[in-house]
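Biologist: Please take a close look at the charged side chains in the loops of this protein, and set them in the context of the fold and its pockets.

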Amino acid sequence: WMGRILIMKRRMGDCMKKGCGNLIFWFGTGERAVIPAFVSRLAVGAFESRKDLKEFAVEPGNTKFIAQGPALYKLDKKKNPVLVCWALNQGEAVIAPGTVRIERRAFAGRDKLTGVRIPDSVTNIEREAFWGCASLEEVHIPGSVRTLRERTFFGCTRLKQVDFSEGLEKTE
């Protein structure tokens, strides 16, 4: 896997054992991406150009990420899952219950994605989350979402309707 990813290290020494690598870009091929045990951070858009990607896996020993098929989650400080990347470029995305945030550009470039189910546990949708999802037509934002950032649906050229609750506190 070392030849297929670009890693930046925050410090020298035994970084590979302590989980301080930042995954910047995935160069790999195939339908599956495996996050190494020492990776603790993922750059925005690290998998964006990978249209053939179908699933994620996480090496044993990595305590920062969880993979569930096409979804890659990082754990926040309270150990809540945050969706950082969706692999599949078709059909409907189903985000796991308990997810608290959809990270910046989590669905970016998924131009064949037709729908997304956002659970009531999500409170924030970061900017550009659905950047370039050209086949997305309709999205329901649950009442739990309090913040919807700028350019969330930029490039969603077929988007006809976005339903959201009156409880939305902040859009930027």
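Modeller: Val34 belongs to strand E3, residues 32–35; strands (E, at least two residues) and helices (H or I, at least four residues) are DSSP runs numbered from the N terminus. With a relative accessibility of 25%, Val34 is partly exposed, a class between buried (under 20% relative accessible area) and exposed (over 50%), computed with a 1.4 Å probe on protein chains only. Its C-alpha lies 6.6 Å from that of Glu59, although the two residues are 25 positions apart in sequence.

The model is a predicted one, in which local features need pLDDT of at least 70 and side-chain atom pairs count only at pLDDT 80 or more, whereas totals for chains, interfaces and linings use all residues. Residues are numbered from 1 along each chain as its sequence is written, and side-chain values use heavy atoms, with hydrogens and water left out.

As for the overall fold, the chain contains 16 strands and one helix. Of its 172 residues, 42% are buried. Among contacts (heavy atoms within 4.5 Å) with a separation of 6 or more, 25% join residues 24 or more positions apart.

The charged side chains come next. The structure has 14 salt bridges, each defined by a side-chain nitrogen of Lys or Arg within 4 Å of a carboxyl oxygen of Asp or Glu. One of them joins Arg105 to Glu128, with an N to O distance of 3.4 Å. This pair ties together distant parts of the chain, 23 residues apart: Arg105 is in the loop between E10 and E11, and Glu128 is in the loop between E12 and E13. Both partners are buried. The relative accessibility of Arg105 is 17%, and that of Glu128 is 3%. The backbone of Arg105 has a phi near 60 degrees, which is a positive value in a residue other than glycine. Glu128 likewise has a phi near 60 degrees, again positive and again in a residue that is not glycine. The two residues also take part in a network of salt bridges that links Glu48, Arg104, Arg105, Glu128 and Arg151.

Glu126 has two salt bridges to consider. In the one with Arg101, the closest N and O atoms are 3.9 Å apart. That pair spans 25 residues, from Arg101 in strand E10 to Glu126 in the loop between strand E12 (124–125) and strand E13 (138–141). In the one with Arg149, the closest N and O atoms are 3.5 Å apart. Here the separation is 23 residues, with Arg149 in the loop between strand E14 (147–148) and strand E15 (161–164). Glu126 is buried, at 17% relative accessibility, whereas Arg149 is partly exposed, with a relative accessible area of 23%.

Arg110 offers a contrasting case. It is placed in the loop between strand E10 (101–102) and strand E11 (113–117). Although buried, Arg110 has no salt bridge, and the nearest side chain of opposite charge is that of Asp111, 6.9 Å away; Lys and Arg count as positive and Asp and Glu as negative, with His and the chain ends not counted. Beyond its neighbours within four places in sequence, Arg110 has contacts that include Glu48, Arg50, Lys51, Trp86 and Cys133.

Finally, the pockets. A pocket is an open set of points on a 1 Å grid over the protein atoms alone where a 1.4 Å probe fits, with protein on both sides within 12 Å along at least five of seven lines, and lining residues have an atom within 4 Å of a point. The largest pocket has a volume of about 260 Å³, a volume being the space filled by probe spheres set on grid points that are joined across faces, edges and corners. Its lining comprises 20 residues, with Leu42, Ala43, Val44, Val84 and Glu103 nearest the centre. Strand E4 (39–42) and strand E8 (81–86) are the elements that contribute two or more residues to this lining. By class, the lining has 11 nonpolar, two polar and seven charged residues, where Ala, Val, Leu, Ile, Met, Phe, Trp, Tyr, Cys and Pro count as nonpolar, Asp, Glu, Lys and Arg as charged, and the others, Gly among them, as polar.

The second largest pocket holds about 190 Å³ of space. Arg101, which pairs with Glu126, is one of its lining residues, together with Lys64, Lys74, Leu75, Asp76, Lys77 and Lys79. Six residues of this lining are charged, one is nonpolar and none is polar.
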